[in-house]
Amino acid sequence: MSAPPKSRDSYFFLFLMVVIWIGMFAGFGGDIAKKYEKMQGLHYPVIVHVHAAAYVGWMVLQTLQILLIRAGNNSLHKRLGAFGVLLLIFMLIVGPWAELDFERRTLGTADAKTAFMVIAMAGVVMFGALASASILLRNQAEAHKRLMMLALISITTAGYGRWLTRPILGVMEDAGLSLNFLTFWMAFNAAPIVLTLVIGVRDLIHLRRLVPALVWGAAFMTAVQILSAWIYFLPAWKPIAERWVSG
């Protein structure tokens, strides 16, 4: 006897969560280890620790929510969902706060990445919009879980981008592709692109169709990614960002 649709969904989304956990750990784990080795300790501003705790907390919450659905505990799933709304609001505050704090502390130094701020802020926009849409559509199970997963996928570049972007750009360069906003978009967002396609292919196999929320959610995410990459490569953007940060 084949597993019921809800059971198959829970297995699939748990698999995606495992992949995301591995990718995020690979990105941040090595980075933290290197900084610890060089500094003999980690000395980050408080807002960075708060930001990290909030985003890890979201991943823990999303994993737990899938497990609760798998266990059939819908009542606790809904109660934790209310907490998730509060956590989402908190994340939309501390995320930009941490980014601006970093930019202001590093402005004018070799560590400054002011132009990259548009990429980071785009992640906040995608995550906030997709997670909010998922919450609004919480009574439509197919849309709700796919939009919630897309929201998390939209910020996986924070981890995956740290170890995937350079190798992929290297392969593109070897293939004769020059660095521009489109090749950067493909390299930096390789994980979100692949993870989103995996969901789509899986839906086509098991549902024989694409869930509309996945289609427009993915289209929105892709549009924001490409737009932010285009702005990142604009020569005029960096001085604008520097003036904004310093002001």
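Which residue forms a salt bridge with K145, and how far apart are the closest N and O atoms? The partner is D9, at 2.5 Å; Figure 3 shows the pair.

The model is predicted: local features need pLDDT of at least 70, side-chain atom pairs count only at pLDDT 80 or more, and totals for chains, interfaces and linings use all residues. Residues are numbered from 1 along each chain as its sequence is written, and side-chain values use heavy atoms, with hydrogens and water left out.

**Figure 1. The largest nonpolar core, with W58**. This core has 43 residues, and those with the most contacts inside it are I20, W58 and M149. A nonpolar core is a set of buried Ala, Val, Leu, Ile, Met, Phe, Trp, Tyr and Cys residues joined through side-chain atoms within 4.5 Å. Buried stands for under 20% relative accessible area, exposed for over 50%, and partly exposed for values in between (1.4 Å probe, protein chains only). Two or more residues of the core come from each of α1 (5-39), α2 (46-71), α3 (74-106), α4 (117-136), α5 (141-153), α8 (190-206) and α9 (212-232). Helices (H or I, at least four residues) are DSSP runs numbered from the N terminus. Leaving aside residues up to four places away in sequence, W58 touches G84, L87, L88, M91, F127, A131, M148 and L152; contact means heavy atoms within 4.5 Å. A second, separate core of 13 residues includes L100, I119, F184 and F188. In soluble globular proteins, nonpolar side chains tend to be buried together.

**Figure 2. S154 in the loop between α5 and α6 (157-174)**. S154 has a relative accessible area of 0% and is therefore buried. Its contacts are G123, M126, F127, L130 and M221, with residues up to four places away in sequence not counted.

**Figure 3. Salt bridges of helix α5, including K145 with D9**. A salt bridge is a side-chain nitrogen of Lys or Arg within 4 Å of a carboxyl oxygen of Asp or Glu, and a search of the whole structure finds five. In the K145–D9 pair, the closest N and O atoms are 2.5 Å apart. K145 lies in helix α5 and D9 in helix α1, so the pair ties together parts that are 136 residues apart in sequence. K145 is partly exposed at 23% relative accessible area, whereas D9 is buried at 10%. The side chains of R146 and D203 also meet in a salt bridge, with 2.7 Å from N to O. Because R146 lies in helix α5 and D203 in helix α8, this pair ties together parts that are 57 residues apart in sequence. Both R146 and D203 are buried. Salt bridges that share partners join D9, K145 and R202 into one network. Side chains of opposite charge can pair when their charged atoms come close.

**Figure 4. The loop between α8 and α9, with R209 and R208**. E142 forms a salt bridge with R209, the closest N and O atoms being 2.8 Å apart. The pair links distant parts of the chain, with E142 in helix α5 and R209 in the loop, 67 residues apart. E142 is partly exposed at 30% relative accessibility, and R209 is partly exposed at 36%. R208 lies in the loop between α8 and α9 and is exposed, with a relative accessible area of 71%. Although R208 is not a glycine, its phi is positive, at about 65°. Most residues other than glycine have a negative phi.

**Figure 5. Helix α10 (residues 237-246) and its buried residues**. W237, A241 and V245 are the buried residues of the helix. They cover an arc of only 65° around the axis, so they lie on the same side of α10; the arc is that of the directions from the helix axis to the C-beta atoms. The buried residues pack against α3, α4 and α9. On the other side of α10, R243 and S246 are exposed.

**Figure 6. P45 in the loop between α1 and α2**. P45 is partly exposed, at 24% relative accessibility. The C-alpha atoms of P45 and D101 are separated by 8.7 Å, while the two residues are 56 residues apart along the chain. P45 touches D101 and R105, not counting residues up to four places away in sequence.
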